[in-house]
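Dear colleague,

Please find the structure below, together with the sequence. A summary of the findings follows it.

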Amino acid sequence: MQSRADSPGTDMDAALLARARELLDDVPTWRLPPTAWSRPAAAVEALAAAYDARDGFALGVAVARLEVLSPSRVERIGDPADVAPPEPLRERVTSLVHTIAEPGGGTAGEAEGDDDRR
């Protein structure tokens with residue numbers, strides 16, 4: 001029996017990781033209504049979980065989900081009430097970008113603020 005980790009489409013290839021980093025790099029520039037930030041935050045957490053699990057399929061799904069939520073993909077007129085991402089999301093995104101950039105990095109402890117660089 002073939003495990004999910006061995007199944008086709010679960011590779012975390014360089015192109016997918018690069019696309020994830022590009023999207024994450026853009027998130028701090030997004031402006032959304034304050035009530036709309038929960039969906040991108042959930043997509044970022046799904047992306048982090050997929051990366052930690054080394055699940056290329058789930059990572060692809062999370063990247064696509066985040067891509068769809070991008071304000072540049074949504075045809076709407078900017079509202080002066082739109083705001084930048086909340087600080088916890090900006091910090092999470094920054095941490096995740098650095099983790100993905102470092103081969104073999106994991107994100108699980110970063111969500112709780114653990115830092116093993118002491």
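**Packing of two helices**

The cover over the buried residues of α3 includes α1 (14-26) and α2 (38-52), where contact means heavy atoms within 4.5 Å. This is a predicted model, in which local features need pLDDT of at least 70 and side-chain atom pairs pLDDT 80 or more, while totals for chains, interfaces and linings use all residues. Residues are numbered from 1 along each chain as its sequence is written, and side-chain values use heavy atoms, without hydrogens and water. Helices are DSSP runs (H or I, at least four residues), numbered from the N terminus.

In α3, the buried residues (under 20% relative accessible area, 1.4 Å probe, protein chains only; exposed is over 50%, partly exposed in between) are Gly 56, Leu 59, Ala 62, Val 63, Leu 66 and Leu 69. They cover an arc of only 140° around the axis, which places them on the same side of α3; the arc is taken over the directions from the helix axis to the C-beta atoms.

Asp 55 lies in the loop between α2 and α3 and counts as buried because its relative accessibility is 12%. Asp 55 caps the N-terminal end of α3, with a side-chain oxygen 3.1 Å from the backbone nitrogen of Phe 57. The Asp 55 side chain also reaches the backbone nitrogen of Ala 58 at 3.0 Å.

For α2, the buried residues are Pro 40, Ala 43, Val 44, Leu 47, Ala 48, Ala 50 and Tyr 51. Viewed down the axis of α2, these fall within an arc of 165°, so they line one face of the helix. On the other side of α2, Ser 38 and Arg 39 are exposed.

Yours faithfully

Notes. Helix = DSSP H or I, 4+ residues; strand = E, 2+ residues; numbered from the N terminus. Polar contact = N/O pair within 3.5 Å; in protein donor to acceptor, adjacent residues only side chain to side chain.
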